[in-house]
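User: I have a structure to look at and would like to go through it step by step. Could we begin with the way the strands pair?

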Protein chains: 2
Amino acid sequence: MSANFDLQARRILKSAKLYCTAGRVAVLRILLKADKPLRQDEIAGRLGKKRFDKITIYRTLESLLEVGLVHKAFLDERARHFELARNCSETQCHPHFTCTSCGKTHCLTEMAIPKVKGTHKGFLIHRQQTRLEGLCPACA
Amino acid sequence: MSANFDLQARRILKSAKLYCTAGRVAVLRILLKADKPLRQDEIAGRLGKKRFDKITIYRTLESLLEVGLVHKAFLDERARHFELARNCSETQCHPHFTCTSCGKTHCLTEMAIPKVKGTHKGFLIHRQQTRLEGLCPACA
DNA sequence: ACAAATTTGCAACTTAGTTGCAAATGTATC
DNA sequence: GATACATTTGCAACTAAGTTGCAAATTTGT
């Protein structure tokens with residue numbers, strides 16, 4: 001299982017034409033296993049004894065962003081959150097739901113958000129992201 | 001005109017049962033005149049010679065947030081952006097559009113975003129915010 | 001004008017993220 | 001697997017954004 005994620009991470013990096021380094025494999029592995037957007041320090045925490053400098057983690061995320069493998073999530077928090085660009089179309093990312101009671105964030109990957117049409121008063125819309133707030137099943 | 005904004009700001013503060021202080025009037029005035037979400041330092045810049053400590057500005061925004069007069073905008077920037085809760089319904093804020101070419105952000109106040117229905121797999125959705133990306137009229 | 005409640009400013013601090021550069025690692029080629 | 005070149009890494013020092021605690025100042029209701 002563990003090895004599988006590693007292999008998958010390596011394949012992904014290779015096909016994105018990125019140098020396949022220990023740090024990148026480790027970060028990508030964590031993102032592959034994650035079910036929600038993570039902050040730099042959360043990623044660092046999940047690295048366990050494989051320690052990488054925070055700047056390395058930031059730069060890895062930056063590289064993954066550049067090739068479109070990773071997206072930033074827009075949450076009501078000070079730190080940036082990153083996640084694999086999964087369950088996303090070219091024009092729309094899956095919505096993120098944050099519970100106003102417990103504060104936890106969930107990816108609503110199966111939810112269909114109506115898309116806005118391509119142009120509006122001269123604005124050419126390429127991408128759409130939705131943030132939802134309310135009560136999660138545990139708090140409702 | 002100037003005086004009108006002041007009066008308006010005072011009235012708003014009064015009806016929100018907030019202490020009507022010079023700092024709050026000044027910040028609210030700026031938000032009333034603004035056509036897009038502003039950062040703390042942008043507000044400070046627009047205060048001109050009326051100087052207030054940044055913490056005062058932050059706390060003012062915090063007070064206005066608490067009574068629902070102000071919202072945070074979700075943009076791809078490090079600093080938080082605040083705007084008056086205008087052109088917003090209880091359940092949905094107007095979308096923010098950021099141009100990927102010039103970087104400017106616009107409020108698309110007249111745009112109707114389809115609302116997600118109330119509940120989804122146990123998630124009770126109260127509020128929805130949309131972020132759009134693409135090319136603005138000037139860059140398209 | 002007074003007392004109580006609230007807000008303000010300051011200085012010091014935390015947290016998130018960035019810079020520059022030399023050392024280390026990865027990749028392609030022989 | 002050694003070489004040369006390109007890219008990435010780690011460090012230390014830094015910037016930017018936002019927060020804290022508290023005493024002094026301001027606002028409000030009476």
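Analyst: Certainly. Please note that this is a predicted model. Strand E6 of chain A (residues 123-135) and E6(B) run antiparallel and are joined by eleven bridges.

User: Which residue in E6(B) is the bridge partner of Thr130(A)?

Analyst: The partner of Thr130(A) is Thr130(B). Another pair in this ladder is Gln128(A) with Leu132(B) in E6(B).

User: How are the two copies related overall?

Analyst: Chain B is superposed on chain A by a rotation of 180° with 0.0 Å of shift along its axis, and the RMSD is 0.0 Å. The two copies are thus related as by a two-fold rotation axis. In chain B, the C-alpha nearest the axis belongs to Thr130(B), at 2.3 Å from it. Thr130(B) is also the bridge partner of Thr130(A).

User: How many residues of chain B are in contact with chain A?

Analyst: In chain B, 28 residues are in contact with 28 residues of chain A. On the side of chain B that touches chain A, strand E6(B) gives the most, with 13 residues. By class, that side holds 15 nonpolar, eight polar and five charged residues.

User: And why do the copies meet through the same surface?

Analyst: The reason lies in the overlap of the two sides: 100% of the interface residues of chain B are also interface residues in chain A, so the copies meet through the same surface.

User: Back to E6(B). Which way does E3 of chain B run along it, parallel or antiparallel?

Analyst: Strand E3 of chain B (residues 96-99) runs parallel to E6(B), and four bridges join them. Within this pairing, Cys99(B) stands opposite Gly134(B).

User: What about E5 of chain B?

Analyst: Strand E5 of chain B (residues 119-120) is joined to E6(B) by two bridges, and these strands run antiparallel. Here Thr119(B) stands opposite Leu124(B). E5(B) and E6(B) form a hairpin with two residues between the strands, and in this hairpin Lys121(B) takes a positive phi near 50°.

User: Changing topic: how many helices and strands are there in chain A?

Analyst: Chain A has four helices and six strands. Along the sequence the pattern is α-α-α-α-β-β-β-β-β-β, with the helices written before the strands. Taken along the principal axes, the C-alpha atoms of chain A fill a box of roughly 45 × 40 × 30 Å.

User: At what angle do H2 and H4 of chain A pack?

Analyst: Helix H2 of chain A (residues 22-33) packs against helix H4 of chain A (residues 54-66) at an angle of about 70°, with their axes 10 Å apart. H2(A) and H4(A) are therefore roughly perpendicular to each other.

User: Which residues of those two helices meet?

Analyst: From H2(A), the residues are Gly23(A), Arg24(A) and Val27(A), and they meet Thr56(A), Ile57(A) and Thr60(A) in H4(A). This contact has two nonpolar, three polar and one charged residues.

User: What is the arrangement of H2 and H4 in chain B?

Analyst: The axes of H2(B) and H4(B) cross at roughly 70° and come within 10 Å. That makes H2(B) roughly perpendicular to H4(B). In chain B, Gly23(B), Arg24(B) and Val27(B) of H2(B) meet Thr56(B), Ile57(B) and Thr60(B) of H4(B).

User: Now the DNA. Which residues come nearest to strand D?

Analyst: There are 26 residues around DNA strand D, and those that come nearest are Thr21(A), Gly23(A), Thr56(A), Cys20(B) and Arg80(B). The elements that give two or more residues to this surface are H2 and H4 of chain A, together with helices H3 (40-46) and H4 (54-66) of chain B. H4(A) provides the largest share, five residues. Two of the nearest residues, Gly23(A) and Thr56(A), also take part in the contact of H2(A) with H4(A).

User: And which are closest to DNA strand C?

Analyst: DNA strand C is surrounded by 26 residues, and the closest are Cys20(A), Arg80(A), Thr21(B), Gly23(B) and Thr56(B). Two or more residues come from each of H3 (40-46) and H4 of chain A and H2 (22-33) and H4 of chain B. H4(B) gives the most to this surface, with five residues.

User: How do the residues near strand C divide by class?

Analyst: The surface near DNA strand C has ten nonpolar, seven polar and nine charged residues. For DNA strand D, the division is ten nonpolar, seven polar and nine charged.

How values were computed:
Residues numbered from 1 in each chain as written. Chains lettered and ligands numbered in written order. Predicted model: local features only at pLDDT ≥ 70, side-chain atom pairs only at ≥ 80, totals over all residues. Least-squares fit on C-alpha atoms with pLDDT ≥ 70 in both. Contact = placed C-beta atoms within 7 Å. Axes fitted to C-alpha atoms, helices over the stretch in contact; angles between N-to-C directions. Parallel < 35°, antiparallel > 145°, perpendicular 65-115°, else oblique. Nonpolar A, V, L, I, M, F, W, Y, C, P; charged D, E, K, R; others polar. Near = placed C-beta within 6 Å. Pairing = 2+ DSSP bridges.
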